[in-house]
Amino acid sequence: MEDDLSEALDTRQNAAATDSAQERPGAPRDAFAKAFNFSRAELAEASGLHPYFKPIAAQHGGTVQANGREMVITGSNDYLGLTQDDRLKDAARGALDDFGTSCTGSRFLTGTLTLHETLEGRLASFLRKEAALTFSAGYLGCLSVVSALAGRHDILYYDRENHASLYDAARLSFASVRKYDHNDLDHLDRLLQADADKPGGRIIVSDGVFSMSGHIVDLPGLVELKRRYDARLIIDDAHATGVLGENGRGTGEHFGLEAEVDVIVGTFSKSFASVGGFMGADRKVVQFVKHHARPFIFTAALPAMQMAAALTALDIMESESEHRHRLWQNVARFRGGMQALGFDTLGSETPIVPVLVGEDDRALAFWKGLWDEGVFTTPALPPGVPPGHSIIRTSVNANHTDEQLDRLLSAFETVGKHLGVI
Ligand SMILES: Cc1ncc(COP(=O)(O)O)c(C=O)c1O
């Protein structure tokens, strides 16, 4: 099978090579050659070592049906375990009946529903901000906020570990970008200092909880620098809302610094068990983004079903703290268990628990070992992580049972010993 595939791929690559040999010097090349020559994914699939895009047939709590059997899942972002909650499903069905399947238009034109305004009002009071705005994805929320607020003469200061959606947002803006080493505020200080004479505004942008390492940003340190250099602060709390803080309001609440975060961006695709994104900020800032952000204006509005599910998740977040408490109990059990086994969890402080494995090949072998043991998870390989630092990105949810967490620990122990990671 592998040979057949390689042969087929070689034939196609040879054809492409022949084509290019026949090209006249200076003639344009086929821009799609890179696609036709891309074979790594097929080769990995053929050798049983392609850990991505694995289809899930059904999901129940902490388990999924995949590969024809029941597996324990770790790595999803369903932190509060609400994706299967009947109240969210009922709310989504009700919204479907009231508003239909799609808005089929931009918020700017025909796509604003009363439900958008209800949800935005509720979010603003939850986040303790004057106003909120929803987006069709968290990714689009990041693009919208940064690209609208960072102008040509402004400077963006980025933690190197920031999420890809923030990096793409910087590309869409015309601002300059300075990257500081992960959570290294001395480095950030030096960069701000070096720009002291530059015109334009400064905006510090950081994840609240970093999606690969599970670290929490040093928010008190950022706030200190923001004040010292008259900068603005944008925090992407995709992995923090519903998770951090006494009431689940995120990184700002966790540190008692909510008012210092000028803009909070977030997603409905994690604790809110839905899809979509949001921002919370001063009314004037929201109003500006609403009228300037291309990724907000030139795309269809967030559909009613997703909003109804998110709104119900918000009700639950505000009234039932037991989901968050259960989540943190599970984190303590799983992370404590992994550390006791001797795994390096890279100092994670949150439900995201990275497990350091090392080289890519070893991480793929580790993933395959876990897959065979009935664990549904994924590795993170370069460029998502530094070379030689591949991880299995696990995460814990509120609906993992003790028995499921113990199954995970036992599978990690078996594979970790087999591959000499522990
Ligand atoms: C830190 C961070 N920001 C933004 C996003 C984008 O969110 P969404 O899935 O809603 O597009 C993600 C999603 O993975 C994320 O981890």
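Trainee: Which strands does helix α15 lie across?
Mentor: Bear in mind that this is a predicted model. Helix α15, residues 360-372, lies across β11, β13 and β14. Against β14, α15 runs at about 35 degrees.

Trainee: And those strands, in what order do they sit in the sheet?
Mentor: The order is β11-β14-β13, in an open sheet of three strands with antiparallel pairing. β11 (352-358) and β13 (379-380) are the edge strands, and each of them pairs on one side only.

Trainee: How many bridges are there between β11 and β14?
Mentor: Six, and the two strands pair in the antiparallel sense. β14 covers residues 390-395. If you want a spot to click on, find Val353 and look for its bridge partner in β14, Thr394.

Trainee: Remind me, through what do strands of a sheet pair?
Mentor: Through backbone hydrogen bonds, and the pairing can be parallel or antiparallel.

Trainee: OK, new topic: the ligand. How many residues surround it?
Mentor: There are 14 of them. The closest are Gly138, Tyr139, Asp236, His239 and Thr267.

Trainee: How does that shell divide into nonpolar, polar and charged?
Mentor: Three residues of the shell are nonpolar, eight are polar and three are charged.

Trainee: What does the Asp236 side chain lie 2.6 Å from?
Mentor: A nitrogen atom of the ligand, with a polar side-chain atom of Asp236 at that distance. His239 also puts a polar side-chain atom 2.6 Å from the ligand, but there the partner is an oxygen atom. Then look at Lys270: one of its polar side-chain atoms lies 2.9 Å from a ligand oxygen.

Trainee: What share of the ligand does the protein bury?
Mentor: The protein buries 83% of the 400 Å² that the ligand exposes when taken alone.

Trainee: Back to strands. What's the order in the four-stranded sheet?
Mentor: That one goes β1-β2-β3-β12, and it's an open sheet with mixed pairing. Its edge strands are β1 (58-60) and β12 (375-376), each pairing on one side only.

Trainee: Do β3 and β12 run parallel or antiparallel?
Mentor: Parallel, and two bridges join them. Strand β3 is residues 69-73. Across that pair, Val72 stands opposite Val375 in β12.

Trainee: Which helix packs on that sheet?
Mentor: Helix α16, residues 402-418. α16 touches β2 (63-66), β3 and β12, and its direction makes about 90 degrees with that of β3.

How values were computed
Residues are numbered from 1 along each chain as its sequence is written. This is a predicted model: local features need pLDDT of at least 70, side-chain atom pairs count only at pLDDT 80 or more; totals for chains, interfaces and linings use all residues. Side-chain values use heavy atoms; hydrogens and water are left out. A residue is near a molecule or strand if one of its heavy atoms lies within 4 Å of it. A polar contact is a pair of N or O atoms within 3.5 Å; within protein, one must be able to donate a hydrogen and the other to accept it, and residues adjacent in sequence count only if both atoms are side-chain atoms. Accessible areas come from the Shrake-Rupley method with a 1.4 Å probe; for residues, only the protein chains shown count as cover. Ala, Val, Leu, Ile, Met, Phe, Trp, Tyr, Cys and Pro count as nonpolar, Asp, Glu, Lys and Arg as charged, and the others, Gly among them, as polar. Two strands pair if DSSP finds at least two bridges between them. Contact means heavy atoms within 4.5 Å. Axes are lines fitted to C-alpha atoms, for helices over the stretch in contact, and angles run from 0 to 180 degrees between N-to-C directions.
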